[in-house]
Amino acid sequence: MRLIEIGLIVVAAWALFGRKRLPDSVRNIRKSAQIMKSEMQAAADDVELPEAKVIPGSIVDGGAKRADNAQN
């Protein structure tokens, strides 16, 4: 958006909501965004990733065939 469009939106919002309600509305939107961000972070922290299986003494190559076994 261009600067003039943003200015028109701000003026229209100010005309609709008045000088007192507009700052309160912006404050509430910021607070809601902070709460949503913290909840999303908490949800991401709660996700448990599966642990890798470790077999002592073995080498895992990701399922790729070895060159000497592929020729036989």
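How much area does the chain expose, and what share of it do carbon and sulfur atoms supply? I got about 7500 Å², with carbon and sulfur atoms supplying 61% of it (Shrake-Rupley method, 1.4 Å probe; for residues, only the protein chains shown count as cover).

Ground rules first. This is a predicted model, where local features need pLDDT of at least 70 and side-chain atom pairs pLDDT 80 or more, while totals for chains, interfaces and linings use all residues. Residues are numbered from 1 along each chain as its sequence is written, and side-chain values use heavy atoms, without hydrogens and water.

Next, burial. I found that 3% of the 72 residues count as buried (under 20% relative accessible area; exposed is over 50%, partly exposed in between; 1.4 Å probe, protein chains only).

Then the fold. I counted two helices and zero strands (DSSP runs numbered from the N terminus: H or I of at least four residues, E of at least two). Helix α1, residues 3-46, spans only 41 Å between its end C-alpha atoms, against 64 Å for a straight helix of 44 residues (1.5 Å times one less than the number of residues). I also looked up a kink of about 110 degrees in α1, centred on glycine 18 (the angle between axes fitted to the seven residues ending there and the seven starting there).

Last, salt bridges. I get two (a Lys or Arg side-chain nitrogen within 4 Å of an Asp or Glu carboxyl oxygen).

- Arginine 2 pairs with glutamate 5 at 3.7 Å; arginine 2 is exposed at 60%, and glutamate 5 is partly exposed at 31%.
- Aspartate 24 meets arginine 27 at 2.8 Å, N to O; both lie in α1, three residues apart, and aspartate 24 is partly exposed at 29%.
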